[in-house]
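User: I'm new to reading protein models. Could you walk me through this one, step by step?

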Amino acid sequence: MINFKKVLMLSIVALSMATTVALEPAQAKAERANERIVVFEKEKVTLINPFARKAKKGQNSAAFVVIQNNCEVGCRIVKARSPIANTVELHTSFEDNGVHKMRPVKFIALPGKTEDKISEVELKSGGYHVMLIDLNQDIEAGTEIPVTLEMSNGNTLTAAYKVKGCCGHCHGPSQ
Ligand SMILES: [Cu+2]
């Protein structure tokens with residue numbers, strides 16, 4: 001079982017550090033490790049540290065989150081939606097002759113947990129992500145946007161994704 005009290009305490013620590021800016025990449029990475037905030041729990045699936053990149057109306061953005069499955073049964077994320085974008089797709093990233101590319105995927109598999117390990121899939125830059133295409137409004141750093149993930153078992157996972165200014169670790173499509 002996840003120790004929710006511990007996670008909550010970590011969240012408070014993370015929040016108190018949230019105003020820190022302009023960190024070195026290595027430090028930023030360490031900060032993110034402590035930034036794990038449980039925002040949603042349903043059917044033993046937990047979304048942690050959901051965030052999106054800031055962008056202007058008409059541009060694209062991407063949303064990222066860590067998804068934990070504490071259930072023995074695996075499932076799939078089959079769709080994503082958000083009211084702030086005209087098109088929302090599930091994407092994966094890959095390298096093609098040294099060029100960073102991405103393409104839509106039909107689903108993102110979320111394996112069931114094993115005896116001693118909770119299953120975890122991270123949507124991150126350079127990997128799976130939620131592609132927010134043709135935003136119908138500006139999304140500014142410091143605000144939050146709603147994103148819903150639809151699962152193959154019919155459940156939906158909705159959370160507020162914190163909008164962040166772009167930085168080294170969250171590069172994406174050309175803007
Ligand atoms: Cu993409």
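## Reading the model together

Analyst: Happy to! Let's begin with a small backbone detail: D134 lies in strand β9, residues 129-135. Keep in mind throughout that this is a predicted model.

User: What is unusual about the phi of D134?

Analyst: Here is the general idea. Most residues other than glycine have a negative phi. Now the case here: D134 is not a glycine, yet its phi is positive, about 60°.

User: Which other residue has a positive phi without being a glycine, at about 50°?

Analyst: That is N49, with a positive phi of about 50°. N49 sits in strand β2.

User: Are N49 and D134 buried or exposed?

Analyst: Counting neighbours settles it. A residue is buried with 20 or more other C-beta atoms within 10 Å, and exposed with 12 or fewer. N49 has 21 such atoms, so N49 is buried. D134 has 12, so D134 is exposed.

User: How many residues of β2 are buried?

Analyst: Nine of the nine residues of β2, which spans 45-53, are buried. For the chain as a whole, 27% of the 175 residues count as buried.

User: Which strands pair with β2?

Analyst: Let's take the partners in turn. β2 runs antiparallel to strand β3 (residues 61-69), and six bridges join them. In that pairing, L47 has I67 of β3 as its bridge partner. With strand β11 (residues 156-164), β2 pairs in the parallel sense over three bridges. There, A52 is matched with V163 of β11.

User: And how does β4 pair?

Analyst: β4 and β7 run antiparallel, joined by three bridges, and R76 has A109 in β7 as its bridge partner. β4 and β10 also run antiparallel, with four bridges; A80 is partnered there with L149 of β10.

User: How many helices and strands are there in the chain?

Analyst: The chain has two helices and eleven strands. Reading along the sequence, you meet the two helices and then the strands, in the pattern α-α-β-β-β-β-β-β-β-β-β-β-β.

User: How should I look for a nonpolar core?

Analyst: The general idea is that in soluble globular proteins, nonpolar side chains tend to be buried together. In this model, the largest nonpolar core has 35 residues, and A52, A63, V130 and L132 have the most contacts inside it. The elements giving two or more residues to this core include β2, β3, β9 and β11.

User: What does A52 touch?

Analyst: Leaving aside residues up to four places away in sequence, the contacts of A52 include A63, L132, I145 and V163. You met V163 earlier as the bridge partner of A52. Across the chain, 66% of the contacts with a separation of 6 or more are between residues 24 or more positions apart.

User: Where should I be careful about confidence?

Analyst: Where pLDDT is low, the predicted coordinates should not be read in detail. The chain averages a pLDDT of 79, and 70% of the residues score at least 70. Among the elements, helix α1 (residues 4-16) has the lowest mean, 43, while β9 has the highest, 97. Over residues 4-24 the pLDDT is below 50, and this stretch has 14 contacts in the model beyond near neighbours in sequence. Residues 168-175 also stay under 50, and the model has 14 contacts for them beyond four places in sequence.

Methods. Residues numbered from 1 in each chain as written. Predicted model: local features only at pLDDT ≥ 70, side-chain atom pairs only at ≥ 80, totals over all residues. Pairing = 2+ DSSP bridges. Contact = placed C-beta atoms within 7 Å. pLDDT = per-residue confidence, 0-100. Core = buried A, V, L, I, M, F, W, Y, C linked by C-beta atoms within 7 Å.
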